[in-house]
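Student: Could you pick one part of this model and walk me through it closely? I'd like the geometric criteria spelled out as you go.

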Amino acid sequence: MRRSLGLGLYVPGDTVLHRLSPGPKLLGLLVLSIGVVAARGPWLPVGVFVVAIATALWVGMSPRTLAAALRPVAIVMVVAVGFQWWMNGWQLALEVFATVLALVVAAAILTATTPTDEMLDSIVRWLGPFRRFGVNPEVVALAFSLVMTSIPTLFTIFGETRDAANARGLGRSPKATLTPAAIRVVAHAYATGDALHARGILDDPDECD
């Protein structure tokens, strides 16, 4: 079984999307994102969201995986949608809600049908011509990989910190959750930076001369 690096969201399969190379899928996601965001009214985003859910199930994503991808965003969206409903009415609230969730599901489909190593290889290949302008494709691909792998790590940190605060009876105290979580996030960032420098990955070549 082949899995993507770090994320662990790759779902083996033999669908058309699995066989498609990363380039067209990334381009399709970009076009879809622009179209959904530019649309006016809630019904196109709602339709795209329904189609995205059906597509996710078709490529082999389980309802549990979908729920895990949507849960962190949905929690934030409840507040945003409530505010939009209060200020601008239910139609705009539904438009915002459906747009964000549709794009999250579409991105999840991309990672579910594309191993991250293939995506990184594509990024390095696409950015190859820009080496002459000082762009380092390998560093850009590394940054992309770090972002992809850090997102679930950050959610894990916040989840563990929240559980620890609840165990101490401090679940309703933002300070008991946010402060330790922020400290752990910064510590994780420093540890990642130290690991990269220990391997000489981000060292300036001029400083090594």
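Tutor: A crossing is called left-handed if the near helix is turned anticlockwise from the far one by less than a right angle, right-handed if clockwise. Helix 3 passes helix 5 in just such a left-handed crossing; helices here are DSSP runs (H or I, at least four residues) numbered from the N terminus. Keep in mind that this is a predicted model, with local features needing pLDDT of at least 70, side-chain atom pairs pLDDT 80 or more, and totals for chains, interfaces and linings using all residues. Numbering starts from 1 along each chain, and side-chain values use heavy atoms, without hydrogens or water.

The axes of helix 3 and helix 5 lie 8 Å apart, at about 30° (lines fitted to C-alpha atoms over the stretch in contact, angles from 0 to 180 degrees between N-to-C directions). That's why helix 3 counts as roughly parallel to helix 5: the cut-off is under 35 degrees. For contact (heavy atoms within 4.5 Å), helix 3 brings residues including Trp 43, Phe 49 and Ile 53, while helix 5 answers with, among them, Trp 90, Leu 94, Val 105 and Ile 109. By class, that's 15 nonpolar, 2 polar and 1 charged residues, with Ala, Val, Leu, Ile, Met, Phe, Trp, Tyr, Cys and Pro as nonpolar, Asp, Glu, Lys and Arg as charged, and the others, Gly among them, as polar.

Both helices turn up again at the largest cavity's neighbour in the list, so to speak: the second largest pocket. It has a volume of about 270 Å³, meaning the space filled by probe spheres set on grid points joined across faces, edges and corners. Closest to the centre of this pocket, out of 13 lining residues, are Leu 17, Leu 29, Leu 32, Ala 106 and Ile 109. Helix 2 (22-38), helix 3 (43-58) and helix 5 each give two or more residues to the lining. A pocket is an open set of 1 Å grid points, tested with a 1.4 Å probe, with protein on both sides within 12 Å along at least five of seven lines; lining residues have an atom within 4 Å of a point.

Key: Angles under 35 degrees count as roughly parallel, over 145 as roughly antiparallel, 65 to 115 as roughly perpendicular and the rest as oblique.
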